[in-house]
Amino acid sequence: MADSAAAPPKPSSSVKLVLLGEAAVGKSSLVLRFVNNDFQENKEPTIGAAFLTQKSHLPHRTIKFEIWDTAGQERFASLAPMYYRNAQSALVVYDLTKPTSLVKAKHWVAELQRQASPGIVIALVGNKLDLTNEDAAASGETNTGEGGDVESGEAAEESGDARKISAKEGRDYAEEEGLLFFETSAKTGVNVQEVFTAIANAIPETQMKGAKGSGAAGAGTGQTALGSERVNLNQRAEGVKEGCAC
Amino acid sequence: MGLDGEESLATSERAEENANDRTEATSPPRDGEDESTIRRAKEEGAETGSKVEFLSTNIQAGSQSPVLEQEYRPPLPPRPNNVNILREGSYSPGSSLKRPGKTPRPLLQSTATTALSRTEVNTQSYQDGSRESFAASAQRTPPSKAVAAFGSIRKVKGLSDSEGGDSASVRSYAPTLETGGDAESLLGEVLGASQESPAWRLLGTQNEAPDPFDSVTYEDDEATADFYREFDEIGAVAADGENEEQLLKKWKSKRKHFLILSSAGKPIYNRHGDDNLISGYIGIIQTIISFYEGSHDQLKGFTAAGARFVVMSQGPLYLVAISKLGENDAQLRVQLEALYMQILSTLTLPNLTHMFSNRPSTDLRRPLQGTEPLLSALADTFTRGSPPTLLSALECLKIRKSHRQAINDTLLRTRCETLLYGLIVASGRLVSVVRPRKHSLHPSDLQLIFNMLFEARGVKAGGGENWIPLCLPGFNKNGYLYMYVSFVSAYDSEAEQGSEGHETGKPDDIAILLISANKESFYDLRKMRDALVEELEVHGSMAIIKSAVRRGRPTATDIVPGTVLRHFLYKSRANVQFTMPSYEPSFTTLLARRRLLSLYHALHASIHAKNAHLKVHHCISRESISLAWVTPLFELYCVAGPHASRNALAQSANKVIQWVRREEERVFIIGGAVSIHSLDNHTTYESLTLPAARYSD
Ligand SMILES: Nc1nc2c(ncn2[C@@H]2O[C@H](COP(=O)(O)OP(=O)(O)OP(=O)(O)O)[C@@H](O)[C@H]2O)c(=O)[nH]1
Ligand SMILES: [Mg+2]
């Protein structure tokens, strides 16, 4: 695990983030792009979940992401609460060439809104943008976060490419639910960094935990406590323990 | 651990001298026998050599014993066990074989395996003092589909199985298969093609020539290339179906297939080719299986077109192995068993049963989504040849006893409350285990874990730490455990790794596995891992593990200086562990390794033949001389080059035994593959034992 010892003078804080979404939409690929700036053409399905950390340097602070990359397969779904329980943010990912994956994404959003921490920042992400014929010029355009509006994809929706879900459909839904919205390609890297940056910016500083565990901000701890209290719905019979022992 | 039995090969050697002589005496006549043997094979073995007859009767004595059924020896006569051994310079594409369609004479099936060899001799000594040696006959199989095999060892084991009714049932299968032209060519076509290549025909005519090896050499490339393509993707059928024929040809060229289907006939898994491509074949197989099922006669295996089909039925599932690599039925069954365990590991037994009792036509592909890479990783391991699977044993990383002790102690010291099992595994070899006293770890469970971590790339490639729910069927097939996994690189820098990473292709993986019954314990275990790794670093244990990994296995000549041995497998029966030298320098290629493993499979089959009571089995072939030696304490399989003498081989075998005895506490984790003495003294650890109810949910 990366240690936070050699931190720059900038204040640093940690953000717990969970990725959810149907199998094979590219969750692990997005993480791999974000963490290692790499892509694998035939990535094997995640089994269970993977836990990764990555630092992100923003202009005025450093964010340490603690990422849960979950498996999209149905049989792991019952474990999901354990991962989003204490999360301050979630990436709900769909594959914009696959309509069922948006349906699944909507389910995840609903579940998060019902059961995760109330203040959780959710970003809806349509991945595999590279499979559309659209000019990837949009990649340069930074999406300045908060609003989450993405210019890419608007123009060439009907050009007979692999796209099955228009950017408008995704964005409209995201606006309705108050989510950040991006279309990305883990393959080319388009918009990947931007998603994470937008999330970091969307989380109020008060809700971030100090990376060094100095109990930064009462709000942060409050949030955690609230989250664990709310979420307690393990279907399985085992006694629920506070997930985080760090 | 005492080898006080003082097993020494010298004694058995002496006992065998006689056999040896006879061996030489029986060899020459075979020169003239080649052609006739073939004919005999074709003509349903009207006649068999007298020495063969002798062997056969001798063995049949034991064949009717109930033991046979107990260990579910398949009721069919096995196909000739074909083995390609170390044929570095003189390989020919005979890695598969065809058992003559209907041969009432079991012996014939077993002996008729080689097209070329005339020097091959088997010597078998039985515990009762009787010995057999018989020369292999050359055989050219019926030209139709399959290739004559170049087996050099035949299985004595199966001989007994095929008396009377059993062989009758084989006869009844053969027509079933061969009436459908499709079925007949199921796997044989491509091989058949290479068999009939000019070079092959040339070979056929050279049976009388004094030295046929030269011409074989050039065939080698083709066969080599062929096996290297074994793992290639077949690809999808094009929309217009235009490429179908070509794809089917590719499919048939594979040496080994695994199919899993539901008893209702729904495909669940197949190693090669997509469903559309092979649905016809799946249908045929299902029809055959259910035909026998229908008449309350379970089909366990059959041979067609040079491939051995072994069928295993497990509850609602049929698992089928199709192999041209010469394993015997028992060995293939072990492989099928492992695939089944993987399915249980994903689903648990109650889930599996439940799904099918609710809906017999359940499509298991969906719930098994994501398990395919794991099944394929297992399948490919078996196709490459896997000593742990063959021996049903684990391999440990060789380190000093005191070092291992220190690591064990660290594991125990840092153990957190929710821990059930803690393991450190380095490049597929066990370094250390802690476990509650009452729970052992089953080797088949470890095989699944090792496969997931070291063969399938999914977990490793993800990077980071992992939290994996899985069922360990050997431990408890009713519920899930949760496994924390993180990897530590054995190399301190990338550059270092590049130069040394050849032995296993996964040299940098030191895995810390912490298993709990509590699905919420990720953060606890993670904290434990951090403490564990830190302590291992501080005490230098990590450096010891890393350097042991980097060093790799010693070569055979490191172990026994100047030895004729090229490789060996030593299994300690009590510890359910094995040790072996590096595959280098002789077996660096995929093909060389496969041939070595085929030889081991054949030795293993011979020495484990139920009826044979073999203690020592010698095998001499054109490219190797080998030996299997079994005592209550160990199994030893040794391979030397063709020019080594039996004496030298026996001497080396004894040296290996001595070496193991000396190094026993370094190469093995003594006290069982999965338990550690010190642990048993740790009474506190016992409180860790979780009631089964907790995880059988
Ligand atoms: N063309 C394209 N392919 C992608 C992209 N992202 C992922 N893929 C591919 O999609 C497949 C699935 O990607 P993963 O990252 O494993 O998907 P996942 O969501 O993590 O899947 P699970 O772990 O099973 O839930 C892989 O073969 C990736 O190479 C992308 O942006 N463009
Ligand atoms: Mg994934």
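This is a chat about the contact between two chains and some salt bridges in a predicted model.

Biologist: Before we start, what are the ground rules here?
Modeller: It's a predicted model, where local features need pLDDT of at least 70 and side-chain atom pairs count only at pLDDT 80 or more, while totals for chains, interfaces and linings use all residues. Residues are numbered from 1 along each chain as its sequence is written, chains are lettered from A and ligands numbered from 1 in the order in which they are written, and side-chain values use heavy atoms, with hydrogens and water left out.

Biologist: OK, how many residues does each chain put into the contact?
Modeller: Chain A gives 31 residues and chain B gives 36 residues, with contact meaning heavy atoms within 4.5 Å.

Biologist: And how much area do chain A and chain B bury?
Modeller: About 3000 Å², with 51% of it on carbon and sulfur atoms. That's the accessible area (1.4 Å probe) that two parts lose on being put together, summed over both.

Biologist: How many salt bridges across that interface?
Modeller: One: Arg85(A) with Glu520(B), closest N and O atoms 2.5 Å apart. The rule wants a side-chain nitrogen of Lys or Arg within 4 Å of a carboxyl oxygen of Asp or Glu.

Biologist: Which strands pair up between chain A and chain B?
Modeller: S2(A) and strand S13 (residues 465-470) of chain B, running antiparallel with three bridges. Ala49(A), for one, has Trp467(B) as its bridge partner. Strands are DSSP runs of E, at least two residues, helices are runs of H or I, at least four, and both are numbered from the N terminus; pairing needs at least two DSSP bridges.

Biologist: Switching topic, how many salt bridges over all chains?
Modeller: The count comes to 22. One of them joins Lys98(A) and Glu22(A), at 2.7 Å between the closest N and O atoms.

Biologist: Is Glu22(A) buried or exposed?
Modeller: Glu22(A) counts as buried at 16% relative accessibility, whereas Lys98(A) is partly exposed at 35%. Buried is under 20% relative accessible area, exposed is over 50%, and partly exposed is in between (1.4 Å probe, protein chains only).

Biologist: What does Arg271(B) bridge to?
Modeller: Asp380(B), with the closest N and O atoms 2.7 Å apart. The two sit 109 residues apart, with Asp380(B) in helix H15 (residues 372-384) of chain B. Asp380(B) is buried at 12%, and Arg271(B) is buried at 16%.

Biologist: Last one: why call helix H18 of chain B largely enclosed?
Modeller: Because ten of its 13 residues (443-455) are buried, including Leu446(B), Ile449(B) and Phe450(B).
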